[in-house]
Amino acid sequence: MEAATPNYLLIIGGVLFVMLNVAAALIWVERRGLALFQDRYGPNRAGPFGLLIVAADSIKLFFKQDWIPPFADKPVFVLAPAIVVVTVLMSFVVIPFAPGIVVADLNIGLLFFLAMSSMGAYSIILGGWASNNKYSLLGAMRGAAQMISYEVFMGLSLMGVVLMAGSFSLSEIVEAQRGMWFFIPQIIGFVIFFIAGIAETHRLPFDIPEAESELIAGFHSEYSGMKFGMFFIGEYMGITLISCMIVTLFFGGWLGPDFLPPIVWFILKTAFFLGIFILLRASMPRPRYDQLMEYGWKYLLPLTLLNLIVTAGVLLWMREGV
Amino acid sequence: MEITFYIAATVAVLATVMVITRYNMIHALLYLVVSFLAVAVVFLTMGAPFMAALEVIVYAGAIVVLIIFVIMMLSLTREDVEQEKAWLQPKLWIGPALLSFVLLAELVYLLAIAEVPTAPSVASYVDAQAVGLALYGPYVLGVQLSGILLMAGIVGAYHLGRQKKKVIHRFLQQQEPQKERSAAL
């Protein structure tokens, strides 16, 4: 085991710095992107291309009054926004950005990611419950049901990849994709993981816990100032995390033709999926809550199990042939 | 590794004590999550990373969320906390505490006379593959029994959720007989 060398600390610091900035930059990218897709201008006043909107937004969030409602459960209310940021940042620990650029290459990396994403559900549940507000509570209950359900398919859809790579370690999974990226043999797994990823980060087609037209803002109705900012940033880091995971698991991670360094390939692929996340927000209507659950349990779960069984069967059959 | 084990074990014990003594159910469950996380760290230090990950995913991530889900539906209020306080008088602790003290003394005695095993380190490292081979090798009966148990649970849940409440909109309620008559004609 390697000791904490300066190089190692540099990677930790670098990952932390890049992720926090990516989350902030995504605010601008998303607002401009949405404006582009919907044929309007978006924020274009502050600075070149409206880039300073990020600074304006952050300053506004930092200086807003940080109000805790008197009827709220104070310790839990304060704890909830921290959980979302901590769990998402912890997940970045296992992602291999390029050969050697990984904070901790755990041999249970994939399970660690799943564990952290299931812990992330607590931020919604506790935040909504501690707010002591019926809209928040409704949002929290929807969030709990949605995340628990979609976690099941998320984990199962990845098991096909694990079977093909023969390891839970993310860098070994990337190395196993040298011959062929896994999204070709695992196309069903990829689609289901993508859908479950949107549901886990409660992004727009599935943002039912915070559906503003029914629930005001759902679980974070009572949050203001930087505590709201944590939920906000947590969501953007969540979609960055899901994009990174999609790239690592299904699109060959840092692999790519030699004319660009590995890290650039990783960033390009991740940026592509971030763009898809934003495009989805611009173009998809929100399903009803029962439709979402029905869709998950009646279609995605059987499909995932089928994918797993077929993958395992084909792998066994190929091994027999050899 | 030894010191991380003792820290995690202490956290687990303290968190579990807090679970029992909290009056507010959600706070108790939060401590339960901490306790599960601490147990996961204990697994990790004992050389079972796969078990540690599953402990977090299954217990801390799924089961406690489901319990919280149910508790949120019950909508506990201040009065419930008061009632809990009234039920859990300090003098109720005396009997169980005395009895478990006897057990603790026995446990300490047994640990004291037991031979000290060599520190479990890299030698007893159990990875995911070893867990799978053990489950589908010598312990396959246990896997199948738990499968049957889960199946019974699913069938039971299906049976409870099957009766769908039939709600007819008030406009349709009046039209319903007319429609039938026209169909009969």
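**View 1. Helix 6 of chain A passes helix 3 of chain B in a left-handed crossing.** In this predicted model, the two partners are residues 134-165 of chain A and residues 49-74 of chain B, with axes that come within 10 Å and cross at roughly 150 degrees. Angles over 145 degrees count as roughly antiparallel, so helix 6 of chain A is roughly antiparallel to helix 3 of chain B. If you would like to pick out the residues that meet, look in helix 6 for Leu137(A), Ala140(A), Met141(A), Ala144(A) and Ile148(A). Facing them from helix 3 of chain B are Ala62(B), Val65(B), Leu66(B), Ile68(B), Phe69(B) and Met72(B). By class, this contact has 11 nonpolar residues and no polar or charged ones.

**View 2. Chain B touches chain A through 16 of its residues, which are in contact with 18 residues of chain A.** Helix 3 of chain B supplies the largest share of chain B's side, 13 residues. That side of chain B divides into 14 nonpolar residues, one polar and one charged. For a closer look, try Ala115(A): leaving aside neighbours within four places in sequence, Ala115(A) is in contact with Ala53(B), Val56(B), Ile57(B) and Gly61(B).

**View 3. The largest nonpolar core has 109 residues.** Among the residues with the most contacts inside this core are Leu111(A), Ala115(A), Ile125(A), Ala144(A) and Ile246(A) from chain A. Ala53(B) and Val56(B) from chain B are listed with them. Ala144(A) also appears in View 1, among the residues of helix 6 that meet helix 3 of chain B.

**View 4. Helix 10 of chain A passes helix 11 of chain A in a right-handed crossing.** Here residues 225-250 pack against residues 262-283 at an angle of about 125 degrees, with the axes 9 Å apart. Helix 10 of chain A is therefore oblique to helix 11 of chain A. From helix 10, the contact is made by Ile239(A), Thr240(A), Ser243(A), Cys244(A), Ile246(A) and Val247(A). Helix 11 contributes Phe266(A), Lys269(A), Thr270(A), Phe273(A), Leu274(A) and Phe277(A). By class, the contact has eight nonpolar, three polar and one charged residues.

**View 5. Gly197(A) sits in helix 8 (residues 187-200) of chain A.** Gly197(A) has 24 other C-beta atoms within 10 Å, so this residue is buried. Leaving aside neighbours within four places in sequence, its contacts are Met154(A), Ile242(A) and Ile246(A). Phe153(A) is 44 residues away along the chain, and its C-alpha atom is separated from that of Gly197(A) by 9.7 Å.

Technical notes. Residues are numbered from 1 along each chain as its sequence is written. Chains are lettered from A and ligands numbered from 1 in the order in which they are written. This is a predicted model: local features need pLDDT of at least 70, side-chain atom pairs count only at pLDDT 80 or more; totals for chains, interfaces and linings use all residues. Helices (H or I, at least four residues) and strands (E, at least two) are DSSP runs, numbered from the N terminus. A residue is buried if 20 or more other C-beta atoms lie within 10 Å of its own, exposed if 12 or fewer, and partly exposed in between; C-beta atoms are placed from the backbone. Two residues are in contact if their C-beta atoms, placed from the backbone, lie within 7 Å. Axes are lines fitted to C-alpha atoms, for helices over the stretch in contact, and angles run from 0 to 180 degrees between N-to-C directions. Angles under 35 degrees count as roughly parallel, over 145 as roughly antiparallel, 65 to 115 as roughly perpendicular and the rest as oblique. A crossing is left-handed if the near helix is turned anticlockwise from the far one by less than a right angle, and right-handed if clockwise. Ala, Val, Leu, Ile, Met, Phe, Trp, Tyr, Cys and Pro count as nonpolar, Asp, Glu, Lys and Arg as charged, and the others, Gly among them, as polar. A nonpolar core is a set of buried Ala, Val, Leu, Ile, Met, Phe, Trp, Tyr and Cys residues joined through C-beta atoms within 7 Å.
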